[in-house]
Amino acid sequence: MDSTDIDRFDTSGFEAGRNRLASLAYRLLGSAADAEDAVQDAFLHWQAADRQQIKVPQAWLTKVVTNLCLDRLRSAHTRRERTAGAWLPEPLLDGDPMLGPADTFEQRESVSLAVLTLMERLSPVERAVYVLREAFSYSHAETAEILDITESASQQHLHRARTRITAARRGGGGAEVDPASARRIVEAFLAAATSGRTERLVALLTDDVIAISDGAGLAEKLLQYDTPQRVAAIARGGFKPTPAKRRLAGGAPAIHYALVNGAPAILFVLGDQVVGAVTFDVAGGKIATVRGIAAPTRLVRLTEAWRQHGPDTPLIAQW
């Protein structure tokens, strides 16, 4: 086999593991675009490496991607962006391969928007240990090797990460919700919001509900609202169609039900373009968190996945 054949074989091998690497990077960074960049950077490292000296390619690539992601998390730009409060995880449509393994509850939870947001409270190394252990089932010995730390340090980082995430959970988080029940609650929320029934909206919300919006990317910071009354008022106003909103969206979108990062969501779709997503955390039969995401840069990959999505009947054909 000449060098060209070796390169072709090695490129094919890398591509076979690309989705796994991307799902690792996405969990670490919370951004599909940044995850794709990290994986591409890893490919450049792979091409430049003496691959005949790499005994276990998957382990080598996992280490490279993890450390590239840690570099990004530690960068001054990332710290400024996330500290300024202008950041939300990038939503992904269920079925997107970047969501990665979903066989266990821990794997599914680790890619939820709720946990991706909570992981912002962790140090970069704590975040990496948590993802490697919870989502990819690496042993402490393997995790220590990837991160160049001791097994004892890996155990300590995992303990701190789990403690911080558990302490920060809201609305009884940490339990899976029946999909049919979640859909009924979201449909009831949409019906109440579009009809202006404030009292019905309040009844659907937990006492400590919060709503978060990226302001369609126009606000310098995330917009946050708490108390059932405030969230209901914002929802009632936000879901009322107006000429100004339709001009901003580019028309009158349809509203579809979907699963985003494993959670119930509604998507505003104009043609084949997703122009807005509202996701919900449901706990105890009520809505604990509402996230509104409409910044175009955060909806690129979700739109790409939606275009491959099979046709369904919209909840509202023309908003």
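Here are legends for four close-up views of this predicted model.

**View 1. Helix H2 meets helix H3.**
Start with H2, which covers residues 18–29, and look at how it packs against H3: the angle is about 130° and the axes are 8 Å apart. H2 and H3 are therefore oblique to each other, since an angle counts as oblique when it is not under 35 degrees, not over 145 and not from 65 to 115. The crossing here is right-handed. On the H2 side, look for Arg18, Leu21, Ala22, Ala25, Tyr26 and Leu29; they meet Ala32, Asp34, Ala35, Ala38, Val39 and Gln40 of H3. Sort the residues of this contact by class and you get 9 nonpolar, 1 polar and 2 charged.

**View 2. Helix H3 turns up again, this time with helix H4.**
H3 spans residues 32–48 and H4 spans residues 57–74; their axes come within 9 Å and cross at roughly 130°. That angle makes H3 oblique to H4. This crossing is right-handed. H3 brings Asp34, Asp37, Ala38, Asp41, Ala42, His45 and Trp46 to the contact, while H4 brings Pro57, Trp60, Leu61, Val64, Val65, Leu68, Cys69 and Arg72. The class count for this contact comes out at 10 nonpolar, 1 polar and 4 charged residues.

**View 3. Helix H8 crosses helix H9.**
Now move along the chain to H8 (residues 124–134) and H9 (residues 140–147), whose axes come within 10 Å and cross at roughly 140°. These two helices, H8 and H9, are therefore oblique to each other. H8 goes past H9 in a right-handed crossing. If you want to pick out the contact, find Val125, Ala128, Val129, Leu132 and Arg133 on H8, and His140, Thr143, Ile146 and Leu147 on H9. Here the mix is 6 nonpolar, 2 polar and 1 charged.

**View 4. A look into the second largest pocket.**
This pocket, the second largest, holds about 960 Å³ of space. Its lining has 37 residues, and Ser213, Ala216, Gly238, Gly276 and Ala294 are the ones nearest the centre. Both strands and helices give two or more residues to the lining: strands S1 (205–213), S2 (223–226), S5 (273–283) and S6 (286–293), plus helices H13 (228–238), H14 (243–249) and H15 (300–307). Which element gives the most to the lining? That's S5, with 6 residues. By class, the lining residues split into 25 nonpolar, 7 polar and 5 charged.

Terms used: Residues numbered from 1 in each chain as written. Predicted model: local features only at pLDDT ≥ 70, side-chain atom pairs only at ≥ 80, totals over all residues. Heavy atoms only, no water. Axes fitted to C-alpha atoms, helices over the stretch in contact; angles between N-to-C directions. Helix = DSSP H or I, 4+ residues; strand = E, 2+ residues; numbered from the N terminus. Left-handed = near helix turned anticlockwise from the far one by under 90°. Contact = heavy atoms within 4.5 Å. Nonpolar A, V, L, I, M, F, W, Y, C, P; charged D, E, K, R; others polar. 1 Å grid on protein atoms, 1.4 Å probe; cavity = no way out; pocket = protein on both sides within 12 Å on 5 of 7 lines; lining within 4 Å. Points joined across faces, edges and corners; volume = space filled by probe spheres on them.
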